[in-house]
Amino acid sequence: MRWSVNIGRIFGIRFRIHITFFLLLLFVFVSVLNQRGFGPALTATLFICAVFVCVLIHEVGHSLIARRFGKEAKSITLLPIGGVAVMEEMPEKPAQEIAMSIIGPFINLVIAGVLYVLVGRWAGVDVPSSFPESSRQFLAALIGVNIVLAIFNLIPAFPMDGGRVLRGILATRMDYVTATSVAVAVGQALAIFFIFFGIFFNWWLALIGLFLYLGAGSEKQQVILRSLLHQIPAHEAMATEVHTLKPDELMSGVLEYFHHGCQNDFPVIGENGVKGILTRDRILASIHEKGLEVPVSEVMDSDFASVDARAPLDEVYKRLLASGKTAIAVVDRGQVKGMICLDGISRYFMVKAAMKGIDADDVLGTR
């Protein structure tokens with residue numbers, strides 16, 4: 001995610017903090033400082049940090065359960081509206097999705113329970129209407145916030161935890177795409193309620209509602225797209241008229257192909273097969289940073305991806321998204337047969353959607 005600071009790894013998962021989170025801390029500190037002074041401002045800032053540590057533990061719980069099911073989390077990013085775990089893919093078995101989704105709220109309840117056992121008799125439980133000013137209020141508010149987080153996340157507003165639990169339950173009685181559509185409809189209806197309610201009473205809730213509405217629609221698009229691409233072999237969607245490059249070719253020559261053709265990504269072929277892929281982004285970066293008198297081998301992506309010509313197209317699509325690549329080479333018995341890029345998959349999908357009477361623009365979000 002752009003504008004994020006990489007802090008390190010937790011259980012092998014990359015942990016990032018979005019720059020807007022630091023702006024939130026600064027805003028809270030300055031606002032309370034102007035009203036109450038340095039001490040309360042520092043306490044309020046530390047309280048926000050403590051809440052987001054609980055959010056982080058919540059997201060780590062999701063990620064570790066997903067790992068048990070063979071689904072790795074690429075990163076966790078803290079935003080002002082909460083934590084976002086980027087997964088390679090979500091579990092599609094209903095029981096797995098329910099287990100992964102419910103663990104987050106459960107962890108918040110465990111945190112609240114542990115804090116209450118340790119300090120509850122002294123601090124009590126509080127749902128704060130303002131920032132705490134003492135250590136007792138701090139602990140009481142932290143217990144209350146974790147309880148609220150657990151309850152709020154269980155609201156069936158997809159893609160929140162409760163919405164994913166709802167989809168998991170529905171998926172035991174209907175197909176996955178229909179279950180997703182129903183869960184998204186429920187989630188977007190609740191998101192619209194959050195937006196309108198928040199406009200009049202709490203702008204933070206309105207922002208969360210907007211985030212939920214957009215997130216639900218985006219995931220629905222991905223699920224429908226993958227379902228239509230399921231069991232289609234990669235060679236049906238690959239570009240076959242592909243210009244290949246040699247590792248010792250100069251970038252000045254590549255620029256001619258780039259200028260006068262429609263191809264953005266070029267496989268680089270050596271004596272023993274594919275050596276790498278030269279993407280549009282690398283071509284443009286090379287022009288700026290290295291000039292044109294450098295060989296392709298210095299610019300190409302050696303950590304390229306390739307798939308068998310008979311690989312399912314939905315798996316190819318997931319691999320591209322998970323790896324952050326824009327193109328993948330299609331090989332058959334060691335020979336490059338073509339290339340598949342994300343734009344090419346979209347074009348192929350549009351044709352398939354038209355044949356099935358589906359509005360591709362609605363699914364791809366291009367309208």
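**Exercise 1. Find the residue of β9 that is the bridge partner of Val 331, then describe the sheet around this pair.**

Step 1. Val 331 has Val 336 as its bridge partner in β9. The model is predicted, and the pairing is read from its coordinates.

Step 2. Widen the view to the two strands. β8 covers residues 327-332 and is joined to β9 by 6 bridges. The two strands run antiparallel.

Step 3. Place the pair in its sheet. The sheet is open, has 3 strands and follows the order β7-β8-β9. Its pairing is mixed. The edge strands are β7 (306-308) and β9 (335-341), each of which pairs on one side only. On average, neighbouring strands of this sheet are turned by 35° against each other, direction ignored.

**Exercise 2. Work out the order of the sheet that contains β1, and say which strands stand at its edges.**

Step 1. The order is β1-β2-β3-β4, in an open sheet of 4 strands with mixed pairing.

Step 2. The edges are held by β1 (4-10) and β4 (82-87). Each has a single partner strand, so one side of each lacks a neighbour in the sheet.

Step 3. From one strand to the next, the twist averages 25°.

Step 4. Look at one pair of strands. β3 (residues 73-79) pairs with β4 over 6 bridges in the antiparallel sense. Within this pair, Thr 77 is opposite Val 84 of β4.

Step 5. Add the helix. α1 (residues 19-36) lies across β1, β2 (13-18) and β3. The helix runs at about 50° to β2.

**Exercise 3. Describe how strands β5 and β6 are connected, and explain why β6 counts as largely enclosed.**

Step 1. The two strands form a hairpin, with 2 residues between them.

Step 2. Strand β5 (residues 266-270) runs antiparallel to β6, and 5 bridges join the two. Val 268 stands opposite Gly 276 in β6.

Step 3. Turn to burial, which means under 20% relative accessible area. Strand β6 (residues 273-278) has 5 of its 6 residues buried, so the rest of the structure largely encloses it.

**Exercise 4. Characterise the packing of helix α2 against helix α3.**

Step 1. Start with the axes. Those of α2 (residues 38-68) and α3 (residues 94-123) come within 8 Å and cross at roughly 145°.

Step 2. The crossing of α2 past α3 is right-handed.

Step 3. List the contact residues. From α2 they are Cys 54, Ile 57, His 58, Gly 61, His 62, Ile 65 and Ala 66. From α3 they are Ala 99, Met 100, Ser 101, Ile 103, Gly 104, Pro 105, Ile 107, Asn 108 and Ile 111.

Step 4. Sort them by class. The contact of α2 with α3 holds 10 nonpolar residues, 6 polar ones and no charged ones.

**Exercise 5. Give an overall account of the protein: its elements, extent, burial and surface.**

Step 1. The protein has 12 helices and 9 strands.

Step 2. Along the principal axes, the C-alpha atoms fill a box of roughly 75 × 50 × 40 Å.

Step 3. Of the 367 residues, 44% count as buried.

Step 4. Among contacts with a separation of 6 or more, 58% come from residues 24 or more positions apart.

Step 5. The exposed area is about 19500 Å², and carbon and sulfur atoms supply 61% of it.

Note on methods:
Residues are numbered from 1 along each chain as its sequence is written. This is a predicted model: local features need pLDDT of at least 70, side-chain atom pairs count only at pLDDT 80 or more; totals for chains, interfaces and linings use all residues. Side-chain values use heavy atoms; hydrogens and water are left out. Two strands pair if DSSP finds at least two bridges between them. Axes are lines fitted to C-alpha atoms, for helices over the stretch in contact, and angles run from 0 to 180 degrees between N-to-C directions. A crossing is left-handed if the near helix is turned anticlockwise from the far one by less than a right angle, and right-handed if clockwise. Contact means heavy atoms within 4.5 Å. Ala, Val, Leu, Ile, Met, Phe, Trp, Tyr, Cys and Pro count as nonpolar, Asp, Glu, Lys and Arg as charged, and the others, Gly among them, as polar. Buried means under 20% relative accessible area, exposed over 50%, partly exposed in between (1.4 Å probe, protein chains only). Accessible areas come from the Shrake-Rupley method with a 1.4 Å probe; for residues, only the protein chains shown count as cover.
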